[in-house]
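This report looks at a few strands and at the enclosed spaces of one protein model. Keep the sequence and the structure in view while reading.

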Amino acid sequence: MNFYLGIDFGTSGARAIVIDSQENICSEIQETFKKSSSNNLTTYWQQTLFALIEQIPLQIRQEIRAIAIDGTSSTVLLCDKQGNPINDPILYNDGRGMTVLENLAAIAPPNHLVLSATSSLAKLFWWYRQPIYSQSSYFLHQADWLAFLLHGKLGISDYHNALKLGYDVENLCYPNWLEKWFIRDLLPQVLSPGTPIDTVKKEIAYRFNLRKDCLVCAGTTDSIAAFLASGATNPGEAVTSLGSTLVLKLLSHTRVENSQYGIYSHRFGDLWLTGGASNTGGVVLRYFFSNEELERFSRQIDATQASHLDYYPLLKPGDRFPINDPQLPPKLEPRPEDPVQFLHGLLESMARIEALGYRRLQELGATPLRYVYTAGGGAKNPTWEKIRKRYLQVPVVSSDYAEAAYGTALLAKKKYLIRD
């Protein structure tokens, strides 16, 4: 039998899913990130990647034909000539790029996507000002580096991850204003997501009993992988990923870009996947409640009634979408003594942010919203789903396959079969 492996590195954990030729899940492995893993993060990523592969049953592992990996958008790192990270990665929501936006604005076109404190290019520009930059040879996204550990080829990315680096996804090239810039030598070669890069390294094949001809493909971002998994295919259909963050993706005939609101569009065949990502979401809920409390308190909420509490749930200042403001203050007061009321206020406020996000997209010309699939851990909360339906006023359903790793496995399978 032929099997295809998708690996998802999100913000709170990693997951591997293997599918067969009929796209049935044959194996699923999950690793939750430990808080202590923040030290020497790339070593922990590598250990997690290898642990996921190692736990796949041997009889399946031996027949994997292709592998693809997704990572968190705009989580980036600098590497030396051998691919070793020379510093800690900068994570997706790190706003240190705010200090270089004025300089970046002198080079990039007005209102360009990269003019955000959390864009990949802003992070690279920040690094350029640090002494350690002189030791670097490659600038890679999380998914790029993880795939490199398997295939051994440096300096390769995909146009989903490279969007916030300034890559022109309409013309499939780096724009002239970026080609002329001093950091150009560090920028990766950009391929179509899912493009086979090379077979696994000999030592990887031997260590994990993989086929020597097992292909490693160019990856994607975690939110696009969740979209692929959902089954959404028609313009007007969207996927809301309720993971650690809140990510919206709407399939549209029209490309929409607006840095003021943190809106951008990914190329998606002949269509565009437009949307944005907010820093609110599950990371806030888990800060205040355990999983057991979330489930128990949610059951006590009357989802048909609006909460009087008006929050903007963040754990630290700054959001990216639908308000793109790195200084945006969290709003979590007043906090009632009743935890059920507090949770109701949080879920209601997140639903308002989601609805505002989709409204922004349509105001700027995206295809009107007609259907929302839900992915991520929050998709399992029926109370939250009822609240969101009240705000969105369109059908809202859980994706048949809610895990991003399933979408990445589909990507590996599709591109393998095209190649074959």
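## A hairpin

Three residues separate β12 and β13, and the two strands form a hairpin. The model is a predicted one. Strand β12 covers residues 237-242 and pairs with β13 in the antiparallel sense, over five bridges. To find one point of contact, look for Val 239, which stands opposite Lys 249 in β13.

## The other neighbour of β13

β13 also pairs with strand β15, residues 271-278. These two strands run antiparallel and are joined by seven bridges. One residue to look for here is Leu 251, whose bridge partner in β15 is Leu 273.

## How β13 is enclosed

Strand β13 consists of residues 246-252. How many of its residues are buried? Seven of the seven are, so the strand is largely enclosed by the rest of the structure. Here buried means under 20% relative accessible area.

In a regular strand, side chains alternate between the two faces of the sheet. Both faces of β13 are covered. On one side are Leu 246, Leu 248, Leu 250 and Ser 252, and on the other are Val 247, Lys 249 and Leu 251, all of them buried. Lys 249, the residue opposite Val 239 of β12, is thus listed among the buried residues of β13.

## The largest cavity

A search of the whole structure finds two cavities of 30 Å³ or more. The largest holds about 140 Å³ of space. Its lining is made up of 13 residues. Which of them lie nearest the centre of this cavity? They are Leu 113, Ser 116, Lys 164, Gly 262 and Tyr 264. Sorted by class, the lining of the largest cavity has seven polar, four nonpolar and two charged residues.

## The second largest cavity

The second largest cavity holds about 80 Å³ of space. Among the residues that line this cavity are Ile 69, Ile 197, Cys 217, Ala 218 and Gly 219. Two elements, α5 (142-151) and β7 (156-158), give two or more residues each to the lining. With four residues, α5 gives the most.

The lining also includes Ala 143, Asp 144, Ala 147 and His 151, as well as Ile 156, Ser 157 and Asp 158. By class, seven residues lining the second largest cavity are nonpolar, three are polar and two are charged.

Definitions and conventions:
Residues numbered from 1 in each chain as written. Predicted model: local features only at pLDDT ≥ 70, side-chain atom pairs only at ≥ 80, totals over all residues. Heavy atoms only, no water. 1 Å grid on protein atoms, 1.4 Å probe; cavity = no way out; pocket = protein on both sides within 12 Å on 5 of 7 lines; lining within 4 Å. Points joined across faces, edges and corners; volume = space filled by probe spheres on them. Nonpolar A, V, L, I, M, F, W, Y, C, P; charged D, E, K, R; others polar. Buried < 20%, exposed > 50% of the residue type's maximum accessible area, 1.4 Å probe, protein only. Pairing = 2+ DSSP bridges.
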